[in-house]
Amino acid sequence: MCNCRAVEILSDIIQNSILREQEIERERGVILREMHEVETNLQEVVFDHLHATAFQVIDIMITALEDRSSDDTLDVDSC
């Protein structure tokens, strides 16, 4: 069973969000700080590499904090 009202609410949140530049910049800083914390935690790095090797054929194993190629593009325009 699907709760249609819940779907409507989630849809509205996703489609009609108002993202203020200040809030996005604050979150950008949080994300970059978390990425740095993960990179400096040896256990996290080892497990990320282990999982990346063990699950090479499964795209889902790429973590949100793993891909540093886009850290400079976290801005209002990319949302």
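This is a short chat about a predicted model of a protein chain.

Trainee: What secondary structure does the protein chain have?

Mentor: Three helices and zero strands. Along the sequence the pattern reads α-α-α. Keep in mind that the model is predicted.

Trainee: How much of the chain is buried?

Mentor: Buried residues account for 6% of the 79 residues. The chain exposes about 7000 Å², and 56% of that comes from carbon and sulfur atoms.

Trainee: Let's take H2. How many residues does it have, and how far does it reach?

Mentor: Helix H2 covers residues 21–40, which is 20 residues. From first C-alpha to last it reaches 29 Å, close to the 28 Å expected at 1.5 Å a residue.

Trainee: Which residues of H2 are buried?

Mentor: Ile24, Met35 and Val38. Viewed down the axis of H2, the buried residues fall within an arc of 65 degrees, so they line one face of the helix.

Trainee: And what do they pack against?

Mentor: The buried residues of H2 pack against helix H3, residues 42–54.

Trainee: Which exposed residues are on the face turned away from the buried side?

Mentor: That face of H2 carries Gln22, Arg26 and Thr40, which are exposed.

Trainee: Switching to charges. How many salt bridges are there?

Mentor: The count is two. One pairs Arg5 with Glu8, with the closest N and O atoms 3.3 Å apart. The other joins Glu23 to Arg20, where the closest N and O atoms are 2.7 Å apart.

Trainee: Where do Arg5 and Glu8 sit relative to each other?

Mentor: Both are in helix H1, three residues apart, so about one helical turn separates them. As a general point, an α-helix has 3.6 residues a turn, so residues three or four places apart point the same way.

Trainee: Are Arg5 and Glu8 buried or exposed?

Mentor: Arg5 is exposed, at 52% relative accessible area. Glu8 is partly exposed, at 47%. The cut-off for exposed is over 50%, so Arg5 passes and Glu8 does not.

Trainee: What about the other pair, Arg20 and Glu23: buried or exposed?

Mentor: Arg20 counts as exposed, with 52% relative accessibility. Glu23 has a relative accessible area of 28%, which makes it partly exposed. Buried would need under 20%, so Glu23 misses that class.

Trainee: New topic. Which residues form the nonpolar patch on the surface?

Mentor: Ile9, Leu10, Ile13 and Ile14. Together they have about 420 Å² of accessible area.

Trainee: Where does Ile9 lie, and what is its relative accessible area?

Mentor: Ile9 lies in helix H1, residues 4–15. Its relative accessible area is 40%, so Ile9 is partly exposed. A patch residue needs over 30%, and Ile9 clears that.

Trainee: So H1 has a salt bridge as well as a patch residue.

Mentor: Yes. Arg5 and Glu8 are in helix H1 and form a salt bridge, while Ile9 of helix H1 belongs to the nonpolar patch.

Key:
Residues numbered from 1 in each chain as written. Predicted model: local features only at pLDDT ≥ 70, side-chain atom pairs only at ≥ 80, totals over all residues. Heavy atoms only, no water. Helix = DSSP H or I, 4+ residues; strand = E, 2+ residues; numbered from the N terminus. Expected span 1.5 Å × (residues − 1). Buried < 20%, exposed > 50% of the residue type's maximum accessible area, 1.4 Å probe, protein only. Arc of directions from axis to C-beta. Contact = heavy atoms within 4.5 Å. Patch = residues over 30% accessible without salt bridge, like charges linked within 9 Å, V, L, I, M, F, W, Y side chains within 5 Å. Areas by Shrake-Rupley, 256 points an atom, 1.4 Å probe, with all protein chains shown as cover. Salt bridge = Lys/Arg side-chain N within 4 Å of Asp/Glu carboxyl O.
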